[in-house]
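Trainee: I would like to learn how to read a few features from a model like this one. Could we take them one by one?

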Amino acid sequence: MTAGERTAHPTGPLLLSGGGGVTAPPPARLVVDGLTVVFGGVTALDDVSFTVEPGTVHALIGPNGAGKSTCFNALTGVYRPARGTALFGTHDLTSMPPHRIASVGVGRTFQNIALSPSETVRDNLLLGRHHLGRSGFLADALGTRRARHEERQALARIEAIAAFLGLADKLGTPLGTLAYGDQKRVEMGRALAMEPRLLLLDEPAAGMNASETESLTQSIDQIRSELGISVLLVEHDMTLVMQVSDRVTVLNFGKKIADGPPAAIQTDSTVISAYLGEPEDWTTPHPGDGPGETSSER
Amino acid sequence: MLEVQDVTAVYGRSTLALQGVSLSVPAGGAVALLGSNGAGKSTLLKAISGILPATGGSLRGGTVRWEGQSLKNRDPAWIVRAGIVQVPEGRRVFARLTIEENLRAGGITCRNRKTTAQARDRVLALFPALEPRLSSPAGLLSGGEQQMLAIGRALMAAPRLLMLDEPSLGLAPLMVRQIAATIREIHGDGTSVLLVEQNAHMALSLVDSACVLEVGRVALEGTARELSQTDEIQRSYLGHGTDRTSA
Amino acid sequence: MIKFLELCISGISLGSVYALVAIGFVVIFKATRVLSLVHGSLLLLSAYVVARAEPTVGFLPAVLLGAAVAVVGAVLVQRVFLERLRRRGANYIALTMLTVGLDIILLTEVTRRIGARVYGINNPWGSEVIHWGGFSFPVARLAGIVVSFSLIALFFAAFKYTTWGVALRASADDSHTAALMGIRQSRVAGAAWAVAGALAAVAAVFLVAFPAPGLDASTSLVALKAFPAVVLGGLDSASGALVGGLSVGLVEVVLSGYGEQLSFLGGGFGSVAPWALVLLVLLVRPSGLFGSKEVARV
Amino acid sequence: MCSRPSRRISWPASPARVVCWAAAVLALGGAPFFLSSALLQIGLLAGCAVIAAIGLNILTGTAGQFSLGHAFFVAVGAYGYALLSGDPAAANVVGLGLPSVVSVPLAVAIAGLSGLAFSPIASRVRGLYLAVASLALVFLGQHVLFNASAITGGFHGRDIAPLSVGGFTFSNRDPLYVLGVEFGRYERLWYVALAATVAAYLVARSLLGRRSGRAFRAVRDNEVVATAMGVNVRATKTAAFVVSASYAGLAGTLLALTLGRVVPESFGFEQSVDYLAMIVIGGLASVGGAVAGAVIVASLPLLLSQFSSYLPFLATPGSGGIEAGTFTRYVFGIAIVLILLFEPRGLSALGRRVASLGRRDPVAPAVTGGQSSPVPQSAQ
C-alpha cells in the first residue's frame with residue numbers, strides 16, 4: 001500500500017494525519033497477543049499480550065533487560081517472533097515485510113539518536129515521508145513534474161511539523177550542529193512526518209535534562225490530544241511515564257507482570273519488587289526470612 | 001581511597017550525563033550507587049575506569065582521585081594497574097573465548113606469574129562451578145555463570161577497588177542471591193566495592209553507605225540503614241508524579 | 001592420476017603461501033576492522049629488499065631483513081596513519097581508502113626502483129626437482145609447504161596460547177570490555193600488523209621462487225590473490241583463511257593444469273577461477289564460510 | 001557530506017559569481033576553438049572520468065556500498081557499444097551494425113542491466129565483503145575481455161565505429177571548418193561529451209536531492225532506521241548499483257568513442273582504484289566533488305606528460321628519472337592520505353570552506369567518512 005502524498009498544510013496548524021480532504025483511515029488499536037521472541041534458546045519475550053487503545057498513551061516499562069526493546073523490535077519487524085501476533089487494525093505487524101510497517105501507519109523513534117548528523121534537519125525530516133512518496137528513481141533523476149510536485153508538498157508538510165516542534169528556524173542547519181535536545185526533537189519530528197496513527201517512542205527522554213523532559217511531556221500530550229495519534233512509549237523516566245500515560249504495562253524477565261493505570265502500577269507490590277528487589281534478607285545464599293533489613297512496606 | 005568530586009560528564013557534544021556528582025569510597029569500604037536507568041550510574045563508572053572517551057563521552061569538570069592521584073586523562077590500562085577494575089554492565093564476557101582465556105584476559109595487566117596464579121586460585125575458590133568448564137567457550141554459560149565469570153575475570157587483576165555495574169541485571173532471584181553472597185565475600189577479603197545497582201534492597205544489604213542518582217545528580221545519600229528505611233528510593237525509581245488525571 | 005597428484009601438491013604449496021598472506025589480512029581485520037590494501041606493496045617491498053640484500057649478506061639474513069622491513073612498514077602504517085584516522089571515528093571505507101593511498105605511494109616507489117628488471121632470488125632450493133616413483137616436484141614447492149605450514153602452526157599456537165593472542169581475540173570480541181581489562185588496543189593492533197607484515201614477507205620469498213620467474217613489478221598483484229582466500233573463509237576467521245588459502249591455491253593450480261581440457265572457459269581460466277569461487281560462495285554465505293555475521297545495530 | 005539539491009542553492013547573483021559562470025561557459029563551449037587536439041582529447045577523457053566518478057560516488061559515497069568493481073561496468077558500456085555499433089562485415093569481430101543513436105542508449109542499458117544482474121550479491125553482501133565481491137567482477141571481466149575475442153577482439157582490442165547522427169559523423173572523415181577552425185573527431189565529440197557530462201551532473205543532483213537520494217543516504221547511515229522509515233533496503237541497494245552501472249556504461253561508451261579503440265587494459269584493477277581515488281579526493285557523496293576529483297585524477301597525468309619537457313622536475317621517458325606517470329601516482333597517493341587525514345570530506349568541503357571565507361556562513365563540522373559522529377552508546 002503506497003498511500004500517496006497526503007495533502008499538506010503549508011502554514012496551518014498540524015492537523016490530524018491524512019486530514020485536508022483525504023479521508024483519514026479509521027483509528028486502529030494495536031492488539032499484541034502472545035508475543036514470544038526466542039534468541040538461541042533464551043526466551044527474551046514470553047507470551048506478552050497487551051492492547052493499545054486508539055488515541056491513548058500506553059507505556060511499556062520494566063527494569064533493565066526486561067524485554068521492552070525486544071518487544072519494540074518485534075513490533076517493527078527487526079526481530080521475527082517465534083509465536084504470537086501484533087494486529088494493528090487488520091494488519092499483523094509480525095508477518096509483514098519490515099519496510100511495509102511504516103505504510104500501515106506505524107512510526108517510531110530510536111533510543112540513541114538515529115539521524116544523519118551531516119544532513120540538514122530538513123533532509124532528516126523528509127526521510128520520514130519516504131513511504132508516502134511515489135516518485136521512483138527515474139522520475140527523481142529526471143525531475144518530472146510529479147516528482148517536483150511531490151517534493152514541494154512534502155517540504156510544506158515538513159515545515160508545518162518543524163513549526164509544531166519549534167524547529168522552524170533550524171530546517172537548513174546540519175543536524176550534527178544542533179544541541180542534544182533539539183536533535184531529540186528532530187527524531188520525534190521525523191516520526192511525525194511519517195503521518196503515523198501509532199507512534200512508538202523508544203526512551204524519548206534518555207539524556208534529557210529536566211526542562212527538556214518537561215517540554216517532551218507536553219509534546220507527547222499534544223500528539224495524543226491534538227493529533228489523535230496513539231503512542232506506545234518505552235521510557236525509564238518514571239515521572240514522565242506516570243504523567244503522560246493512560247495505561248502502563250510492566251515487563252520483567254520477558255513476561256508481563258502488571259498492566260493497569262499509572263497510579264495502580266506505582267503501588268503494585270510486584271512492580272515495586274521487580275524494580276527494587278525483594279525487601280528481604282540478602283545475606284544468605286538460600287531463601288530465608290531472617291531478621292534482615294526489611295523496609296516498611298511489608 | 002577513591003574520591004570523586006563535582007564531576008560533570010557529557011556525551012557527544014552536549015548531552016549532560018552527570019552534573020556535579022561527588023562520591024567517595026573509603027579504603028576497604030563498600031558503597032552503592034542507586035538510581036533508575038538513565039540516571040548516570042554507568043557513566044560515573046566509565047569516568048572512573050577511563051573508558052568514557054572510548055564510548056563517545058568526556059569528563060568536563062571536577063576531579064577523580066585514587067589514593068591521591070588524579071585519574072583524569074589516564075588510559076584504562078593504567079587505571080587497572082593502579083588497582084581499580086570494573087565489571088561491565090550486561091556481563092560482556094568474551095563469548096568466543098574459553099573461560100580460561102577470559103580469566104587470562106582479565107589478568108593481562110599482571111606481569112607476575114605468582115600473583116596471577118594466586119588470583120586464579122582465588123577466583124576458582126569463589127566460583128567452583130567454573131572449574132570443570134575452563135576450556136569451554138564462555139558464550140555457552142548461563143546468565144548467572146557469565147556474571148560469575150565476569151566478576152572472576154575482574155578479580156584476576158587483583159583489584160583493590162572492584163566496581164560492579166548492575167551485577168543482578170536479568171538474573172533470577174536465586175542467582176542474585178548467590179552473586180550478592182559473592183560480593184559480600186569479596187568485600188570481606190578487604191577489597192573495596194563500588195556497586196551500581198537497580199535492585200536497591202540487595203545493594204543496601206551489602207554496603208555501608210549509598211547515594212541515589214537522578215538525572216545525573218545526586219538526589220539522596222546516606223548510610224545503608226538510613227536509606228533502607230525511607231521510601232524515597234522507591235519514589236525515585238517509580239516516579240514522583242501520579243497519573244496524569246490528577247497531575 | 002600422477003598429473004593430478006602433482007598438481008595437488010603444487011596447489012597446496014601455492015595455497016599455503018596464499019594462506020600466509022590471508023592470515024595476515026584476518027589478523028589485521030580482527031585488530032583494526034580494515035582490509036589492508038597496502039599489503040601488496042608491503043609484500044613487494046620486502047621481496048625487493050630480499051632480492052637486493054641476498055647477493056651481499058646471503059639468503060637467510062636477507063629474508064630476515066626483508067621481514068624486518070615489512071614489519072616496520074606495517075607498524076608505521078598502523079601507528080602513524082590508521083590509528084590517527086580511527087580515533088576520529090572514521091568508517092571502514094575511509095580506513096580502507098587510506099590503505100589504498102599508502103599503497104599507491106609505496107607501490108609507485110618500489111616499482112620505480114625495480115623498473116623493468118626481473119630479480120631472481122638465490123635460495124637454498126634453487127631449481128632442483130625431486131623425482132620419485134614417477135612423480136616430480138620442485139624442491140622449492142616442497143620447502144614452501146614445509147615452511148608455510150610451520151609458520152601457520154606457529155601462528156595458530158601464538159593466536160591460541162600467547163598473551164597477545166588472547167588480547168587480540170578479546171579485543172576482536174568486545175573492544176570496550178577488553179579496554180576495561182587493561183588491554184591496550186593500539187598495542188594489540190600494532191602487533192597484529194607486525195605479524196601480518198612478517199607473514200607477507202615470508203610469502204613473498206616463495207612467491208618469487210622457482211618455478212615462478214622471479215621478482216618483477218607485477219609481484220604485488222599476487223597479494224590480491226589472497227583476497228579471494230580471505231573472503232572465502234570469512235574476514236574474521238583465521239582458520240577460514242587457512243581453508244580459503246588452500247582452496248584458492250588448489251583451484252588455481254589444478255584448473256590451470258587442466259587448462260587444455262577447460263579451454264572452452266578461455267585461456268588462463270585457472271588464475272581467475274578463485275574469483276568465480278568467491279562470487280559463488282558469497283551468493284550462499286554473505287560472510288564467507290566461517291565468518292561471523294555482521295549484525296546491524298539499532 | 002550532503003549534496004545540496006539545486007533548488008536550495010541561494011542565488012545571490014553577485015557580480016563575481018556571474019563572471020565566474022560566464023567564464024566557465026565560454027571556456028568549455030569555446031574550447032575546440034583554442035585547444036589543440038591533444039588537449040581536447042585529455043578534456044574528453046576527463047569528461048568520461050567525470051561521468052564514471054559521479055556514478056561511483058552515488059553508489060559508494062551516497063549509498064555507502066563500497067565498490068572496487070567500477071571499471072567492470074565501464075568496460076560493459078565500452079564493449080557493449082563496440083558490439084552493437086560494430087561493422088557486421090568486419091573480419092575478426094562480431095558487430096551488430098546498429099546505428100549509433102540506438103547503440104549508445106542500448107549500451108548504457110546493458111551496463112545498467114549488468115548492475116541489476118549483480119544484485120543477488122550486491123543487495124545481500126555487506127561492507128568489505130562487497131568490496132572484494134565487486135573486485136571479482138573486475139578480474140572475471142578482464143578474463144572475458146581477453147578470451148571472448150569474437151566480441152572483444154582479445155588482447156589487441158577492437159576498433160570503434162564513430163558516432164554518427166543523421167548523416168553527421170563524429171570523425172575526421174569529411175573536413176569541416178567552423179570559424180576557420182578545422183573540426184575533426186575531438187572537436188565534434190567535444191560537444192557531445194560536454195552535453196553528456198552536464199546531463200550526468202544535473203541528473204545526479206536531481207536524483208540525490210529527492211526521495212531516492214534520501215533513501216540512498218538512509219541505507220548508508222543505518223539500515224534498521226531506513227527500514228523503519230519504509231525504505232526497502234535491498235531494492236534501494238540494487239537501484240544504487242543499477243544507477244551507478246548506467247553511469248559507468250555511459251562513461252564507457254564515451255571513452256570508446258574518444259579512443260576509437262578499446263583494449264582490456266583500460267578496465268583493470270588500477271582503473272577501479274583510480275575511480276575510488278577520484279571520489280575520495282573530490283569528497284565522498286558530493287556530486288561536485290566527484291567532478292573535481294575526476295578532472296584532476298584523469299587529466300593530471302596526461303597533462304604532465306604532455307608538458308613534461310617544460311617541467312624541469314620531470315624526466316623524459318626512458319631516462320631513468322621520475323616520469324610524469326610516476327610523479328602523478330605519488331601525487332594521488334599523497335593526496336588521498338592527506339585528504340583523509342585532514343579533510344575527510346575532500347575537495348568539495350575545501351572548496352566550500354574557501355568560498356565561505358568571506359561570508360559568515362557556518363561550515364558544518366567535519367564528519368569523518370559519512371558515518372555518525374560520536375553519539376552516546378547508552379545514555380546512562
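Trainee: What phi does D:G260 take, just after helix 11 of chain D?

Mentor: This is a predicted model, in which local features need pLDDT of at least 70, side-chain atom pairs count only at pLDDT 80 or more, and totals for chains, interfaces and linings use all residues. Residues are numbered from 1 along each chain as its sequence is written, chains are lettered from A and ligands numbered from 1 in the order in which they are written, and side-chain values use heavy atoms, with hydrogens and water left out. Helices (H or I, at least four residues) and strands (E, at least two) are DSSP runs, numbered from the N terminus. D:G260, following directly on helix 11 of chain D, has a positive phi of about 75°.

Trainee: What span should helix 11 of chain D have?

Mentor: The expected span is 1.5 Å times one less than the number of residues. Helix 11 of chain D covers residues 233–259, so its 27 residues should span 39 Å; the end C-alpha atoms are 38 Å apart, which agrees.

Trainee: Is that helix enclosed or open?

Mentor: Buried means under 20% relative accessible area, exposed over 50%, and partly exposed in between (1.4 Å probe, protein chains only). In helix 11 of chain D, 21 of the 27 residues are buried, so the rest of the structure largely encloses it.

Trainee: Where does D:L179 lie, and is it buried or exposed?

Mentor: D:L179 sits in the loop between strand 4 (177–178) and strand 5 (181–182) of chain D. Its relative accessible area is 77%, so it is exposed.

Trainee: How is the size of an interface given?

Mentor: Often as the accessible area lost when the parts come together. Here buried area is that loss with a 1.4 Å probe, summed over both parts. Chain D and chain C bury about 4500 Å² between them, and carbon and sulfur atoms give 75% of this. On the chain D side, D:L128, D:Y129 and D:L341 lose the most area to chain C, together 17% of what that side buries. Counting contact as heavy atoms within 4.5 Å, 44 residues of chain D and 52 residues of chain C take part.

Trainee: Which residue of strand 1 of chain B should I look at for its phi?

Mentor: B:D6, in strand 1 (residues 2–11) of chain B. Its phi is near 55°, a positive value in a residue other than glycine. B:D6 is partly exposed, at 48% relative accessible area.

Note on methods. Buried area is the accessible area (1.4 Å probe) that two parts lose on being put together, summed over both.
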